[in-house]
Amino acid sequence: MEKLNIFIVEDESIVAKDIQNSLTKLGYNVMGIANNGKDAIEKITELKPDLVLMDIMIKGDLTGIDVSEKLKEKLSLPIIFLTAYADEGTLAKAKITEPYGYILKPFKEVDLHSTIEMAYYKHQKDSELQKERDFLYSLVESKEDSNKDILFVKANSRLVKVLLKDIYFVEALKDYVIINTQYARYTIHSTMKEIDKKLGNVEFARVHRSYIARLDKIASIDSQNVVLENDKKTIPVGGSYREELMKKLNLL
């Protein structure tokens with residue numbers, strides 16, 4: 001496994017050296033050290049480390065919190081705050097920048113190691129989810145009519161073309177949605193609101209907070225349920241969605 005590249009922002013040279021020695025002993029690579037906010041922003045932006053250890057109270061016009069906010073605008077990387085101050089005001093300001101960890105000085109090497117590993121792992125997972133969401137919801141957004149009937153979903157690390165006419169229904173499952181087609185099921189990380197927007201409101205209808213159905217796949221409707229063609233599925237109709245569903249149907 002490759003060593004993680006870590007950048008240290010610490011204005012006390014002795015403390016910075018101690019941190020560097022600890023990181024080296026733990027098997028990490030220290031890419032650089034900055035003792036002020038301006039240098040930290042320039043060097044981190046240039047070097048793009050895997051993780052940053054950021055002292056909150058550094059000398060100069062910019063605090064560690066200020067530096068973190070500016071870095072967040074430029075890069076996606078995990079930042080762990082180091083500080084000897086644990087007052088509520090400092091914590092409240094630090095939380096706004098959504099750091100991946102917070103270590104009080106003085107700290108033990110074991111605490112440093114565990115916090116770094118957890119922060120890096122969480123950042124990797126967050127990045128994977130964001131990439132997956134970008135993949136799924138770049139789902140071919142073209143203004144050309146020829147592409148309006150197609151979307152792409154990620155399946156087994158590939159983008160698979162799905163025709164809207166093949167979709168029977170979409171079902172919510174916690175933080176995921178399941179797209180059910182005539183031939184397959186695709187589980188993606190998304191929300192019903194996002195899917196509803198993607199599918200459009202002409203050929204599909206939200207029939208329940210947990211279900212979206214394709215209108216031309218509906219075989220019958222009773223007081224509480226929608227039955228889809230070919231015995232595919234019986235799904236509930238939510239009271240707040242029934243009126244809108246009725247408006248979309250071609251009733252006699």
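Me: In what order do the five strands of the open sheet lie, and what is the sense of the pairing?
Reply: In this predicted model, five strands make up an open sheet. Strand 10 (185–189) and strand 11 (204–208) are the edge strands, each pairing on one side only. From one strand to the next the twist averages 20°. The order is 10-9-8-12-11, and the pairing is antiparallel.

Me: Which residue of strand 9 is the bridge partner of Ala172?
Reply: Strand 8 (residues 167–173) pairs with strand 9 (residues 176–181) in the antiparallel sense, over six bridges. Within strand 9, the bridge partner of Ala172 is Val177.

Me: Which residue of strand 10 is the bridge partner of Val177?
Reply: Strand 9 and strand 10 run antiparallel and are joined by five bridges. A hairpin of three residues connects them. On strand 10, the bridge partner of Val177 is Ile188.

Me: At about what angle to strand 8 does helix 6 run?
Reply: Helix 6 (residues 192–199) lies across strand 8, strand 9, strand 10, strand 11 and strand 12 (211–214). Its angle to strand 8 is about 160°.

Me: Why are the buried residues of helix 2 on the same side of the helix?
Reply: Helix 2 spans residues 37–47, and its buried residues are Gly37, Ala40, Ile41 and Ile44. An α-helix has 3.6 residues a turn, so residues three or four places apart point the same way. The buried residues of helix 2 are on the same side because they cover an arc of only 95°.

Me: Which exposed residues does helix 2 carry on the face turned away from its buried side?
Reply: The buried residues of helix 2 are covered by elements that include strand 1 (5–9), strand 2 (29–34), strand 3 (51–55) and helix 3 (64–74). On the face turned away from the buried side, the exposed residues are Lys38 and Glu46.

Me: Which residue caps the N-terminal end of helix 2?
Reply: At the other end, helix 2 is followed by Lys48, with a positive phi near 50°. At the N-terminal end, a side-chain oxygen lies 3.2 Å from the backbone nitrogen of Lys38. The capping residue is Asn36.

Me: Which residues of the largest nonpolar core touch the most other members?
Reply: This core has 18 residues. Strand 1, helix 2, strand 3, helix 3 and strand 4 (79–83) each supply at least two of them. Ile44 of helix 2 has contacts that include Phe7, Val9, Val52 and Leu71. The core residues touching the most other members are Val9, Ile44, Val52, Met54, Val67 and Phe81.

Me: Within what arc do the buried residues of helix 3 fall?
Reply: The buried residues of helix 3 are Gly64, Ile65, Val67, Ser68 and Leu71. Among the elements that cover them are helix 2, strand 3, strand 4 and helix 4 (88–96). They line one face of helix 3, because seen down the axis they fall within an arc of 155°.

Me: Is Leu51 buried or exposed, and what is its relative accessible area?
Reply: Leu51 is found in strand 3. Beyond four places away in sequence, Leu51 touches residues including Asn5, Phe7, Ile80 and Tyr120. Buried means under 20% relative accessible area. Leu51 is therefore buried, with a relative accessible area of 0%.

Me: How far apart in space are Leu51 and Ala119, C-alpha to C-alpha?
Reply: Ala119 is one of the residues that Leu51 touches. The two are 68 residues apart in sequence. In space, their C-alpha to C-alpha distance is 8.4 Å.

How values were computed:
Residues numbered from 1 in each chain as written. Predicted model: local features only at pLDDT ≥ 70, side-chain atom pairs only at ≥ 80, totals over all residues. Heavy atoms only, no water. Buried < 20%, exposed > 50% of the residue type's maximum accessible area, 1.4 Å probe, protein only. Helix = DSSP H or I, 4+ residues; strand = E, 2+ residues; numbered from the N terminus. Arc of directions from axis to C-beta. Contact = heavy atoms within 4.5 Å. Polar contact = N/O pair within 3.5 Å; in protein donor to acceptor, adjacent residues only side chain to side chain. Core = buried A, V, L, I, M, F, W, Y, C linked by side-chain atoms within 4.5 Å. Pairing = 2+ DSSP bridges. Axes fitted to C-alpha atoms, helices over the stretch in contact; angles between N-to-C directions.
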